[in-house]
Amino acid sequence: MHAAVLRSVGKLPRYEEFPEPVAVDGEAIVRVRAASLKPIDKQLASGSHYARPRELPFVCGTDGVGHLSDGQRVFFAGARAPYGAMAERTVVSRAFCFPVPDGVDDESAAALPNPGVSAWLSLAFRAKMAPGENVLVLGATGITGKLAVKIAKLLGAGRVVAAGRNQQVLGTRHQFGADATIRLDLPAQELGEAFARAAGESGFQVVIDYVWGQPTEIFLAATTRQEFAPVTSETRLVQVGESAGPTIALPAALLRSTALTILGTAGIPPRNILADALQQVMAQAAAGELRVDTERVPLADIENAWQRDQQGRRLVIIP
């Protein structure tokens, strides 16, 4: 069979022949229909992700859509190494195969779950967002950030503020439910003042952070109390990405003066929670509430696709 084969970490995958997968107990062979090309796929191949491949050669692709031997169409994730989703066939645990609704096409079913489920879990599972709470999305101009804005509204957020560095894209976030926007490329003092204004008296109960680095430092500084005062609201910040920097300076005074909880995404949740989030995202997709712009790319063109700027859309690899 053909696959996107990575033979050296930090190099481009190539369209090559690869041995056929063989399933053992508890596994299934999936005939792949589509697999999206995501930032995590590139991070794994470059060696910059903590879960980078330990065994080479390696087939790229963390998840996708395909058919089982009985014809059932499924979304799958976690192929057994060295197999991956960007191949004609792969092998996965049956526990990580999930039915795809008829109302969702292959490209959407491949492109939406990774960012959509990530956003859903960050809000509902990690932050435990309650209806009526105020949400700030740091990094709302990316694909996952856009979905986080929309999902926060679907989950009943009282107010959603979208913050991002791409001014042109940021201006479209009102279409997805943002009540206000903040430009992250403002000078530090102006940005801090913008955060303070947006927080107002009620503050943000949930912050979904895809940027980290200086913007997060400025946000936290803007929320630090300067006097003794009763705590009326807790802020739960879920750290998801680091597009603006891998580290922050965190003054101790901030933690003593502010009711702040910082959470990570915590890897893969229990299967029942993952399955529920995926079901919710797929149902919203079938209803037309959630979508991702996609572009089909043949598997044979994987080297060129790997080097392309995706510009707000997901490239979907078609075997």
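Good morning. I begin with a salt bridge: the side chains of Arg33 and Asp106 meet with 2.9 Å between nitrogen and oxygen. This pair links distant parts of the chain, since Arg33 belongs to strand S3 and Asp106 to helix H2, residues 106-111, with their positions 73 residues apart. Please keep in mind throughout that we are looking at a predicted model. The two partners fall into separate burial classes. Arg33 has a relative accessibility of 38% and therefore counts as partly exposed. Asp106, at 11%, counts as buried.

Let me turn to another pair, Lys38 and Asp63. Their closest nitrogen and oxygen atoms are 3.2 Å apart, and the two residues form a salt bridge. Lys38 sits in the loop between S3 and H1, while Asp63 sits in strand S5, residues 63-67, so the bridge ties together parts that are 25 residues apart in sequence. Are these two residues buried or exposed? Both Lys38 and Asp63 are buried.

A further salt bridge joins the side chains of Glu295 and Arg308, again with an N to O distance of 2.9 Å. Glu295 is part of strand S15, residues 294-298, and Arg308 is in the loop between H10 and strand S16, residues 314-318; the pair therefore ties together parts 13 residues apart in sequence. Here Glu295 is partly exposed, with a relative accessible area of 24%, and Arg308 is partly exposed as well, with 33%. In addition, Glu20, Glu88 and Arg89 are joined into one network by salt bridges that share partners. How many salt bridges does a search of the whole structure find? The search finds 17.

I now move to helix H1, which covers residues 39-46. Which of its residues are buried? They are Asp41, Leu44 and Ala45. Viewed down the axis of H1, the buried residues fall within an arc of 95°, so they line one face of the helix. The general background is familiar: an α-helix has 3.6 residues a turn, so residues three or four places apart point the same way. As for what this face meets, the buried residues of H1 pack against strand S1 (2-6), strand S3 (27-37) and helix H10 (302-306). Directly after H1 comes Gly47, with a positive phi near 90°.

Strand S1 brings us to the sheets. Three strands, in the order S2-S1-S4, form an open sheet with antiparallel pairing. Strand S2 (14-17) and strand S4 (58-59) are at the edges, each with a single partner strand, so one side of each is left without a neighbour in the sheet. S1 and S4 run antiparallel and are joined by two bridges. Within this part of the sheet, Val5 stands opposite Val59 in S4.

Another open sheet has six strands, in the order S11-S10-S9-S12-S13-S14, and its pairing is parallel. At its edges are strand S11 (180-183) and strand S14 (260-264), each of which pairs on one side only. On average, neighbouring strands of this sheet are turned by 20° against each other, direction ignored. Strand S9, residues 134-138, and strand S10, residues 159-164, pair in the parallel sense over five bridges. In that pairing, Leu138 stands opposite Ala163 in S10.

Helices pack on this sheet too. Helix H3, residues 113-126, touches S9, strand S12 (206-209), strand S13 (235-239) and S14, and its direction makes about 150° with that of S12. Helix H6, residues 188-199, lies across S9, S10 and S11, and runs at about 165° to S11.

Finally, the cysteines. A disulfide is a covalent bond between the sulfur atoms of two cysteines. How many disulfides are counted in this model? The count comes to zero, with a cut-off of 2.5 Å between sulfur atoms. Why does Cys60 not form one? The closest cysteine sulfur to that of Cys60 is in Cys97, 20 Å away, which is too far for a bond. Cys60 counts as buried because its relative accessibility is 2%, and Cys97 is also buried, with a relative accessible area of 10%.

To close, I return to the opening pair: Arg33 in strand S3 and Asp106 in helix H2, joined by a salt bridge. Thank you for your attention.

Technical notes. Residues numbered from 1 in each chain as written. Predicted model: local features only at pLDDT ≥ 70, side-chain atom pairs only at ≥ 80, totals over all residues. Heavy atoms only, no water. Buried < 20%, exposed > 50% of the residue type's maximum accessible area, 1.4 Å probe, protein only. Helix = DSSP H or I, 4+ residues; strand = E, 2+ residues; numbered from the N terminus. Arc of directions from axis to C-beta. Contact = heavy atoms within 4.5 Å. Salt bridge = Lys/Arg side-chain N within 4 Å of Asp/Glu carboxyl O. Pairing = 2+ DSSP bridges. Axes fitted to C-alpha atoms, helices over the stretch in contact; angles between N-to-C directions.
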